[in-house]
Amino acid sequence: MNTHQSDKPLDWVIRFAPLIHAGGAVLDLACGNGRHANYLAGVGHIVTAVDRNLSGFTRIGNNDFYELIEADLEDGSEWPLRSRRFKAIIVTNYLYRPLFPAIIDALDTNGILIYETFSLGNAKYGRPSNPDFLLTPGELLSVCKNKLRVIAFEEGLIENPTRAVKQRICAINRSRNGEPASI
Ligand SMILES: C[S@@+](CC[C@H](N)C(=O)[O-])C[C@H]1O[C@@H](n2cnc3c(N)ncnc32)[C@H](O)[C@@H]1O
């Protein structure tokens, strides 16, 4: 996927980042230039940032807040995070469906998934246009159903930061104790 990356964090990430608890690490998967890793490190989280190409990653904050892992997530090699669990996982503008189970499994108890990417219909407005990189209607809801508690879900044409058809979800891993999520 070769969509334009801005340095500004997405509003969806900014909106739900306050739900991420202190302690433990946040995973920014397919992190690109690190805009979300930097945003989260900037508010005090330790961030593990993974991408197949970290050459464009620019650390803004203190090195102690970052763990960078260069890994191809789609080449059939082992999931690079092994059995680690994260208090939050951020995935934006990236879709590789076979990773869904590993992503959900990597959420710690109370861990928060913040996911936003492009949906079918986006081709009219630009890239990505390949259906492999476009969610089907309600797909993120289906992925989380019966596994995570959904806090918010949106789907449709958005104008910001550019006109695009997207889906976005925030969901919490409360499956192990069944209590309501604080929002
Ligand atoms: C559109 S960018 C999104 C970057 C970032 N999440 C953001 O929103 O700013 C997609 C990212 O996915 C990464 N990517 C694509 N295929 C990958 C793969 N097979 N393994 C790891 N990262 C991959 C690219 O290197 C790129 O940084």
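**Entry 1: the ligand**

I began at Thr 92, where a side-chain N or O atom sits 2.6 Å from an oxygen atom of the ligand. Once the protein is in place, 95% of the 590 Å² that the ligand exposes when taken alone is buried. A reminder to myself before going on: this is a predicted model.

Next I looked up Asp 51, and found an N or O atom of its side chain 2.5 Å from an oxygen atom of the ligand. Asp 72 came after that, and here the partner is a nitrogen atom of the ligand, 2.9 Å from a polar side-chain atom of the residue.

Which residues come nearest to the ligand? I noted Ala 30, Arg 35, Asp 51, Leu 73 and Thr 92, out of 15 residues around the ligand. Sorting that shell by class gave me 5 nonpolar, 5 polar and 5 charged residues.

**Entry 2: positive phi**

Ala 30 was already on my list as one of the residues that come nearest to the ligand, and its backbone deserved a look too. Its phi is near 55 degrees, a positive value in a residue that is not glycine. I wrote this down because most residues other than glycine have a negative phi. I placed Ala 30 in the loop between strand S1 (25-29) and helix H2 (35-42).

Is Ala 30 buried or exposed? Its relative accessible area is 16%, and the cut-off for buried is under 20%, so I put Ala 30 down as buried.

Asn 93 went on the same page. It is not a glycine either, yet its phi is positive, about 55 degrees. I found Asn 93 in the loop between strand S4 (86-92) and H3. With a relative accessible area of 15%, Asn 93 is buried.

**Entry 3: cis peptide bonds**

I turned to omega, since most peptide bonds are trans. The bond from Arg 127 to Pro 128 is cis, and its omega is near 0 degrees. Pro 128 lies in the loop between S5 and H4.

Asn 160 and Pro 161 are also joined by a cis peptide bond, with omega about 10 degrees. Where is Pro 161 found? I located Pro 161 in the loop between strand S6 (149-158) and strand S7 (164-172).

**Entry 4: the cavity**

How many cavities of 30 Å³ or more are there? I counted 1. The volume of the largest cavity is about 40 Å³.

I then listed its lining: Phe 100, Ile 103, Ile 104, Leu 113, Tyr 115, Leu 140, Val 143, Cys 144 and Ile 169. By class, that makes 9 nonpolar residues, with no polar and no charged ones. Helix H3 (100-105), strand S5 (107-118) and helix H4 (139-144) each give at least two residues to this lining.

**Entry 5: Glu 116**

I stayed on strand S5 for one more residue, as Glu 116 is found there. Is Glu 116 buried or exposed? Its relative accessible area is 2%, so Glu 116 counts as buried. I looked for a side-chain partner and found Lys 166, which joins Glu 116 in a polar contact of 2.7 Å.

**Pages to revisit**

For the ligand, I would go back to the side chains of Asp 51, Asp 72 and Thr 92. For the backbone, my bookmarks are Ala 30 and Asn 93 for phi, and Pro 128 and Pro 161 for omega.

Methods:
Residues are numbered from 1 along each chain as its sequence is written. This is a predicted model: local features need pLDDT of at least 70, side-chain atom pairs count only at pLDDT 80 or more; totals for chains, interfaces and linings use all residues. Side-chain values use heavy atoms; hydrogens and water are left out. On a 1 Å grid over the protein atoms alone, a cavity is a set of points where a 1.4 Å probe fits but cannot get out, and a pocket is an open set with protein on both sides within 12 Å along at least five of seven lines; lining residues have an atom within 4 Å of a point. Grid points are joined across faces, edges and corners, and a volume is the space filled by probe spheres set on the points. Helices (H or I, at least four residues) and strands (E, at least two) are DSSP runs, numbered from the N terminus. Ala, Val, Leu, Ile, Met, Phe, Trp, Tyr, Cys and Pro count as nonpolar, Asp, Glu, Lys and Arg as charged, and the others, Gly among them, as polar. Buried means under 20% relative accessible area, exposed over 50%, partly exposed in between (1.4 Å probe, protein chains only). A residue is near a molecule or strand if one of its heavy atoms lies within 4 Å of it. A polar contact is a pair of N or O atoms within 3.5 Å; within protein, one must be able to donate a hydrogen and the other to accept it, and residues adjacent in sequence count only if both atoms are side-chain atoms. Accessible areas come from the Shrake-Rupley method with a 1.4 Å probe; for residues, only the protein chains shown count as cover.
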